[in-house]
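Let us walk through a protein chain together, starting with its overall build and then stopping at a few individual residues. Please keep the viewer open as you read.

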Amino acid sequence: MENKLPTTDQNFVESLIPQRFPFVMVNSIAAYSEDHLVSGFEIKEENIFVQDGIFQASGLVEHQAQSVALHTGYKFYLLGKEAPTGYIGAIKTFEAIQLPKLGDKLTSEVSIINEMMGVTLVDIVTKLNDEVIAKSQMKTVVM
């Protein structure tokens with residue numbers, strides 16, 4: 001399967017992460033490098049984190065974590081290997097400035113700060129219409 005970036009191929013994006021419907025919180029990759037990824041996500045009505053038309057902060061955290069998983073998954077895809085399963089090891093900081101609504105399209109930028117022995121420290125910034133709505137720093141761990 002050949003996929004060039006950017007891509008909104010939902011099947012391809014889902015093949016890069018361990019999560020499955022209804023727990024998928026990413027649906028596109030706009031850019032990738034060894035230390036950077038830009039993901040996208042459109043909030044739809046069937047999303048489990050939508051309450052009264054608002055995407056909850058817990059959904060933002062999960063979207064950001066899956067964006068990190070997408071970076072790892074795409075890296076392994078390029079190497080022709082199956083991606084390992086990963087977990088959130090720690091959330092150092094998280095700030096939700098604004099909660100998005102149904103139909104909003106999020107863009108998240110993942111910046112790899114440090115990666116050592118399966119532990120990755122990342123900064124993630126989520127935007128809506130080029131305005132920052134959430135930021136975090138977390139550690140993820142791959143098995």
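What follows goes from the whole chain to its helices, loops and backbone details.

First, a word on provenance: this is a predicted model. The chain contains two helices and eight strands. Reading from the N terminus, you will meet them in the order α-β-β-β-β-α-β-β-β-β. With a radius of gyration of 14 Å, close to the 15 Å that the globule rule gives for 143 residues, the chain is as compact as a globular protein of that length. If you want a box around it, the C-alpha atoms fill roughly 40 × 35 × 25 Å along the principal axes.

How do the contacts distribute along the sequence? Counting contacts in the chain with a separation of 6 or more, 61% are between residues 24 or more positions apart. Buried residues account for 41% of the 143 residues. As for the surface, the chain exposes about 7,700 Å², and 51% of that comes from carbon and sulfur atoms. The charges can be summarised too: there are 11 positive and 18 negative ones, and the mean positions of the two sets lie 5 Å apart.

Now turn to helix H2, which covers residues 57–79. Its 23 residues reach 34 Å from the first C-alpha to the last, close to the 33 Å expected at 1.5 Å a residue. An α-helix has 3.6 residues a turn, so residues three or four places apart point the same way. Two residues of H2 make good stopping points.

Is His63, in helix H2, buried or exposed? At 0% relative accessibility, His63 counts as buried, because the cut-off for that label is under 20%. Setting aside neighbours within four places in sequence, His63 is in contact with Met25, Val26, Ser39, Gly40, Phe41, Leu106, Ser108 and Thr126. For a distance to check in your viewer, take His63 and Ile91: they are 28 residues apart along the chain, and their C-alpha atoms are separated by 13 Å.

Phe76 also lies in helix H2. Its relative accessibility is 21%, so Phe76 counts as partly exposed. Which residues does Phe76 touch, not counting those up to four places away in sequence? They are Lys81, Glu82, Ala83 and Pro84. Thr93 is 17 residues from Phe76 in sequence, and the two C-alpha atoms are 27 Å apart in space. Just after H2 comes Gly80, which takes a positive phi of about 75 degrees.

Moving along the chain, look for Lys101 in the loop between strand E5 (86–96) and strand E6 (105–116). With a relative accessibility of 44%, Lys101 counts as partly exposed. Beyond the residues up to four places away in sequence, Lys101 touches Ile43, Gly53 and Ile54. Phe41 gives another pair to inspect: Lys101 and Phe41 are 60 residues apart in sequence, with 12 Å between their C-alpha atoms. Phe41 has already appeared here, as one of the contacts of His63.

The last part of the tour concerns the backbone. Most residues other than glycine have a negative phi, and most peptide bonds are trans. With that in mind, where do the cis bonds mentioned here sit? One is the peptide bond from Leu5 to Pro6, with omega near 0 degrees; Pro6 is found in the segment before helix H1 (10–15). Another is the peptide bond from Phe21 to Pro22, which is cis with omega near 10 degrees. Pro22 belongs to the loop between H1 and strand E1 (28–33).

Finally, go to the loop between strand E7 (119–128) and strand E8 (131–142), the place of Asn129. Asn129 is not a glycine, yet it has a positive phi of about 55 degrees. Asp130 is found in the loop between E7 and E8 as well. Phi of Asp130 is near 65 degrees, again a positive value in a residue other than glycine. What about solvent accessibility at this loop? Asn129 has a relative accessibility of 70% and so counts as exposed, while Asp130, at 75%, also counts as exposed.

Definitions and conventions
Residues numbered from 1 in each chain as written. Predicted model: local features only at pLDDT ≥ 70, side-chain atom pairs only at ≥ 80, totals over all residues. Heavy atoms only, no water. Helix = DSSP H or I, 4+ residues; strand = E, 2+ residues; numbered from the N terminus. Rg over C-alpha atoms; globule rule 2.2 N^0.38 Å. Buried < 20%, exposed > 50% of the residue type's maximum accessible area, 1.4 Å probe, protein only. Contact = heavy atoms within 4.5 Å. Areas by Shrake-Rupley, 256 points an atom, 1.4 Å probe, with all protein chains shown as cover. Lys, Arg positive; Asp, Glu negative; His and termini not counted. Charge placed at Lys NZ, Arg CZ, Asp CG, Glu CD. Expected span 1.5 Å × (residues − 1).
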